[in-house]
Amino acid sequence: MDSKIRIEIDQDSGFCFGVTTAIRKAEDMLQNEPNLYCLGDIVHNGIECSRLAAMGLKSIDHDCFERLYNAKVLLRAHGEPPTTYATAKKNNIELIDATCPVVLKLQQKILNQFNQTDPAKQQIVIYGQKGHAEVLGLEGQTKGTAIVIEGPEDLNKIDFNKSIFLYSQTTKSVDDYNEIVRLIGQKKNPNVEFNYYNTICGQVSHRKENLRAFSMKHGLILFVCGSKSSNGKVLFNECLLANRNSHLVEGPEDINPEWLNNINSIGICGATSTPKWLMEKCKEHINLILKIE
């Protein structure tokens, strides 16, 4: 094993703006607030959630939220449906709203469209992961009436004789979304209206191209990502397409020393939910392995 292996951490990887803001708000509040709750995991990364839990952040689900009174609750970057705000008002809960501005803007777009939509002639369609926190918040703007499609296999949920207003979850693949647009355009009745909107976060969409280039520079790619991250699965696939010697790891303990054999350079990158400090820990662990060898 070569102890002179070059190790590079991708500077474009790591928390997106929305997640960074949410975590900073949590850290600031925890300085003086012993009982701060977060509705859902603040980020889809178990190791980062554990770090914040050790500081005092308590993650709760919606059932617990419904039973909570006179408390402070952080709303994460993914956003929430209107019912969450109604519950907070009813239960005297103070909300610290860390919803990503990109998500908030999308929620408002969908709400505005919903208020103008005639269900007999029009329909709102959301391309996204069913049950994902962000998608639940988007669905909530339509009182649950929006049609959620996860891929081409769900297109039969759409009435192609009604006008279609299509939006995308902010972290989806641009290429996949464009394919959905193409397929709907082929299937719809030519006499109905079809409007689709570019609602994918630019920070996320640009990372795919950057990751492809980064992955091609190295003999081995370690993609650091939590198992719950939807965005991570998309971005890791880009690494694999560019470099078949790519491995997904949740943390340093997942790194197999055998991967380092006959390698000249290692690239470490991650999802928008991956903290920079965790990628640094992976680098430190590799250096430790190399010194032991």
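**Entry 1: the sheet built on S6 to S9**

I began with an open sheet of four strands, whose order I recorded as S7-S6-S8-S9 with parallel pairing. The model I am reading is a predicted one. At the edges of this sheet I found S7 and strand S9 (194-196), each of which pairs on one side only. From one strand to the next, I noted a twist that averages 20 degrees.

I then looked up how S7 is attached. Strand S6 (residues 122-127) and S7 run parallel and are joined by three bridges. For Ile126 I noted Val148 in S7 as the bridge partner.

Next I asked which helix packs on this sheet. I found helix H5 (residues 101-116), which touches S6 and strand S8 (163-168). The direction of H5 makes about 165 degrees with that of S8.

**Entry 2: Leu104 in H5**

I selected one residue of this helix, Leu104, which is found in H5. Its relative accessible area is 38%, so I entered Leu104 as partly exposed, the class between the 20% limit for buried and the 50% limit for exposed. I also looked up its separation from Glu66: the two residues are 38 apart in sequence, and their C-alpha atoms are 23 Å apart in space.

**Entry 3: the sheet with S1, S10, S11 and S12**

I turned to a second open sheet, in which four strands follow the order S1-S12-S10-S11 with parallel pairing. Why is one side of S1 and of S11 left without a neighbour in the sheet? Strand S1 (6-9) and S11 stand at the edges and have a single partner strand each, so one side of each has no neighbour there. Direction ignored, I recorded that neighbouring strands of this sheet are turned by 20 degrees against each other on average.

On the S1 side, I noted that four bridges join S1 to strand S12 (residues 265-270), and that the two run parallel. Within this pair, Ile9 stands opposite Ile268 in S12. Helix H8 (residues 202-216) packs on the sheet and touches S1, S10 and S12. I entered about 160 degrees for the angle between the direction of H8 and that of S12.

On the S11 side, I found strand S10 (residues 220-224) paired with strand S11 (residues 246-249) in the parallel sense, over four bridges. Together with helix H9 (residues 230-242), S10 and S11 make a right-handed β-α-β unit. In the strand pair, Ile221 stands opposite Ser246 in S11.

**Entry 4: two serines, Ser246 and Ser215**

I followed Ser246 further, since its place is in strand S11. Is Ser246 buried or exposed? With a relative accessibility of 6%, Ser246 counts as buried, the limit being under 20%. I then looked up the polar surroundings of its side chain. The side chain of Ser246 reaches the backbone oxygen of Asn243 at 2.6 Å. A polar atom of the same side chain lies 3.4 Å from the backbone oxygen of Cys239. Leaving aside neighbours within four places in sequence, I listed Ile221, Phe236, Cys239 and Leu240 as residues in contact with Ser246.

I compared this with Ser215, whose place is in helix H8. I found a relative accessible area of 0%, and Ser215 is accordingly entered as buried. Not counting residues up to four places away in sequence, Ser215 touches Ile221, Cys239, Ala242 and Asn243. I noted that Ile221 and Cys239 are among the contacts of Ser246 and also among those of Ser215.

**Entry 5: positive phi angles**

Finally, I looked up backbone angles. I kept in mind that most residues other than glycine have a negative phi.

Asn92 has a positive phi of about 55 degrees, although it is not a glycine. I located Asn92 in the loop between helix H4 (82-90) and strand S5 (94-97). Its relative accessibility is 52%, so Asn92 counts as exposed, for which the value has to be over 50%.

Which loop holds Lys143? I found Lys143 between helix H6 (133-140) and strand S7 (147-149). Lys143 is not a glycine, yet it has a positive phi of about 55 degrees. I recorded a relative accessible area of 71% for Lys143, which is therefore exposed. The strand that follows this loop, S7, is one of the edge strands recorded in my opening entry.

Notes. Residues are numbered from 1 along each chain as its sequence is written. This is a predicted model: local features need pLDDT of at least 70, side-chain atom pairs count only at pLDDT 80 or more; totals for chains, interfaces and linings use all residues. Side-chain values use heavy atoms; hydrogens and water are left out. Two strands pair if DSSP finds at least two bridges between them. A crossover is right-handed if, with the strands pointing away from the viewer, the path from the first strand over the helix to the second runs clockwise. Axes are lines fitted to C-alpha atoms, for helices over the stretch in contact, and angles run from 0 to 180 degrees between N-to-C directions. Contact means heavy atoms within 4.5 Å. Buried means under 20% relative accessible area, exposed over 50%, partly exposed in between (1.4 Å probe, protein chains only). A polar contact is a pair of N or O atoms within 3.5 Å; within protein, one must be able to donate a hydrogen and the other to accept it, and residues adjacent in sequence count only if both atoms are side-chain atoms.
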